[in-house]
Amino acid sequence: MADNLVIVESPAKAKTIKKYLGKNYAVVASMGHLRDLPKSSLGVDVAHDFAPKYITIRGKGDLMAKLKKEAKNAKKVFLATDPDREGEAISWHLTQALGIDDKSTYRVAFNEITKSAVQNAIKSPRKINYNLVDAQQARRVLDRIVGYSISPLLWKKVKKGLSAGRVQSVATRLIVDREREIEAFDPQEYWTIDAFLQQKGKTETFAAHFYGKDKKIALKNAAQTQEVLSAVKNAEYKVASVKAGEKSRHPAPPFITSTLQQEASRKLNYTAKKTMQAAQQLYEGVDVAGLGTVGLITYMRTDSQRIAAEAQAQALEYIEKSFGKDYLPEKPRTYKSKKGAQDAHEAIRPTDVTLSPDKVKGSLKADQFKLYKLIWERFLASQMQSALFATVTADIMAGGYTFKASGSKMKFAGFMKLYVEGRDEAEDEEGNIPVLEAGEVLKLGRLEDKQHFTSPPPRYTEATLIKAMEEEGIGRPSTYAPTITTILARGYVAHEGKALIPTELGTVVTDLMVEYFTQIADVEFTANMEQQFDEIEEGDTKWVEVIRSFYAPFEQTLKKAEDEIGQIELAPEVSDVPCEKCGRLMHIKMGRYGKFLACPGFPECRNAKPIVSEAGVDCPLCGGKVLIKKSKKGKAYYGCENNPKCAFMSWDKPMERKCPTCGSYLLQKQGRGERIYCSNKECGYIEKK
């Protein structure tokens, strides 16, 4: 029996840590929490200062007995749970559940699971931080009171199986409010005019965009546009001025939890949940060929952009060796964390930058590798020199109006040689324009006028919702992914492609929350509660006082809602599709992956089927209609209506056109890597968009 017992949350973490400690240390896993509030009751004694009534989690009795025995026989017990509020609370629960006191209990925490970090933590243990424990306990108790008070009311008044939560209600409201903004949006007409110009003796054209006269003119209708066109169509196009300059583009900072989730959504199409699962595995440790079990990244729940000096020094050394001195910044970069960020942890970075993605690729699962590559590249790029562009802007006069042409050309790639941050919305790209001189007369190739309409605000995606939650102070790094998972699971929100759309149920529940539980559904109130949790963590406020000040008005609100809310019937959405089994018109239901058809005769008739829409092209194999279908995981694909007789099936949309090289049918890939390509793999014909 080892003299020292180290308790962590997971077997993977235990395996990694064991590698760095001697034979005198036993490392075991608690498998997360051992104790929690009961599921069958509120579990909070409201009458006695909101005392929580913790019980052993069902199924963990044997594990608890085993851990209790090992703790009793150990001279020292090290609690090495995660370095955040939740981890601190798990450590505290372990002392209570296993009957070990502070004299033989040592709390150790590390931001990365590396040999030096683990050994240094073991050398410098501390006591449990009860302010951290209280902050977690305040959140747990408050969320339990809200959930277990409002959820039964929703069951009774609306539909069984519903729930309400402090953060999930606000997140759902953001999505509902955005949908209403879109529905109420009044598009405004506007026009653009582009002049495609040539220099004398040259065939290449470049675009100049209509600007106005002395100041910018907004073209609001066809008549106004026609007036300008009439003035410039036969006019001389003369360069009035040319301004050359330079601009720098700086790298994005290293990842924090929210930006990692956003970028993984944009670039890898990962959900927040999938991102955090893969990040947890990379943090806790994976088996790397030749190295054994290695924790590849630092702790992934953080909102700090601080980087350890030794990690930065290693990155700069790697950059100089791999890219050259020119790619080093003039001085090491520092990034400022947002106000209120918890600075206990670093930003998310690789634990060893010399372990490049190529070196570990063979040891990682596909999901792990893609995320590690993203983290590694982002961190290294964040420490590199800025990119430099030569810019030029020309004012061109025609018919008394000004057109502007601008372009940029990369002079030095800098960090962009390795990594460029994704964007939620398309950027206006600047092309190249030729070298122009003031006074130069240009030839007009053609004028192109276009009618446009202003667009409504876009629907939230997981990435933009997380960004909004972070900006508004709703939740913390540990809660973004679980919140989105919850509102999807409850059926309040559904995916439509990447977009998050509110369901009828989500809209009804949100309206109820806004009307009767104004504070719970209020963004500012929810953000203020997060600040109060932070104050508890800092030791500035007592957790019981925070709950007490919330509970008194909440209790009155709850009673008022119970008295006033009547029974709410959700009107079914009826389709025009008859059930082939019983003849009833099928209802449109919302499931985890969007809408589907279900027979209203349930449970007598259990018929259900996906909603399919036509792709607008004929099947290239049999001439039937191509339908847009969804896989079991909710991913759209194209299949023939005559399936299974016809075998046509593709992730990419078929085109009516044939391949000019071999005559096979063409496919169109959309999104990242958009292109048209030949379905015949041996052909290799590609048209890039």
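Q: Why is the pairing of Asp82 with Arg301 called a salt bridge?
A: In this predicted model, the closest N and O atoms of Asp82 and Arg301 are 4.0 Å apart. A salt bridge needs a side-chain nitrogen of Lys or Arg within 4 Å of a carboxyl oxygen of Asp or Glu, so this pair qualifies. The structure holds 35 salt bridges.

Q: What makes the link between Asp82 and Arg301 one between distant parts of the chain?
A: The two residues are 219 residues apart. Asp82 sits in the loop between strand 7 (76–79) and helix 3 (85–98), while Arg301 belongs to the loop between strand 13 (292–294) and helix 10 (309–323).

Q: How do you know that helix 6 and helix 16 meet, and which residues are involved?
A: Contact means heavy atoms within 4.5 Å. On the helix 6 side, Arg166, Val167, Val170 and Leu174 meet Val523, Thr526, Met529, Glu530 and Phe533 of helix 16. Sorted by class, this contact has 6 nonpolar, 1 polar and 2 charged residues.

Q: How do the axes of helix 6 and helix 16 cross, and what is the handedness?
A: Happily, both can be stated. The axes of helix 6 (residues 166–184) and helix 16 (residues 523–538) come within 10 Å and cross at roughly 145°. The crossing is left-handed.

Q: What makes a space in this model count as a cavity, and how many are there?
A: A 1.4 Å probe must fit there but be unable to get out. By this rule there are 3 cavities of 30 Å³ or more. The largest has a volume of about 50 Å³, and the second largest holds about 40 Å³ of space.

Q: Which residues line the largest cavity, and which helix gives the largest share?
A: Its lining is made of Ser163, Ala164, Ser169, Thr172, Tyr492, Gly506, Val509, Thr510 and Met513. Helix 15 gives the largest share, 4 residues. Helix 6 and helix 15 (504–516) each supply at least two residues of this lining.

Q: Why is Gly506 in the lining of the largest cavity classed as polar?
A: Gly506 is in that lining, and Gly counts among the polar residues, so Gly506 is polar here. In all, the lining of the largest cavity has 4 nonpolar, 5 polar and no charged residues.

Q: What makes up the charged part of the lining of the second largest cavity?
A: The lining includes Asp303, Lys338, Glu470 and Arg476. Asp, Glu, Lys and Arg count as charged, so these residues belong to that class. The lining divides into 4 nonpolar, 2 polar and 4 charged residues.

Technical notes:
Residues are numbered from 1 along each chain as its sequence is written. This is a predicted model: local features need pLDDT of at least 70, side-chain atom pairs count only at pLDDT 80 or more; totals for chains, interfaces and linings use all residues. Side-chain values use heavy atoms; hydrogens and water are left out. Axes are lines fitted to C-alpha atoms, for helices over the stretch in contact, and angles run from 0 to 180 degrees between N-to-C directions. A crossing is left-handed if the near helix is turned anticlockwise from the far one by less than a right angle, and right-handed if clockwise. On a 1 Å grid over the protein atoms alone, a cavity is a set of points where a 1.4 Å probe fits but cannot get out, and a pocket is an open set with protein on both sides within 12 Å along at least five of seven lines; lining residues have an atom within 4 Å of a point. Grid points are joined across faces, edges and corners, and a volume is the space filled by probe spheres set on the points.
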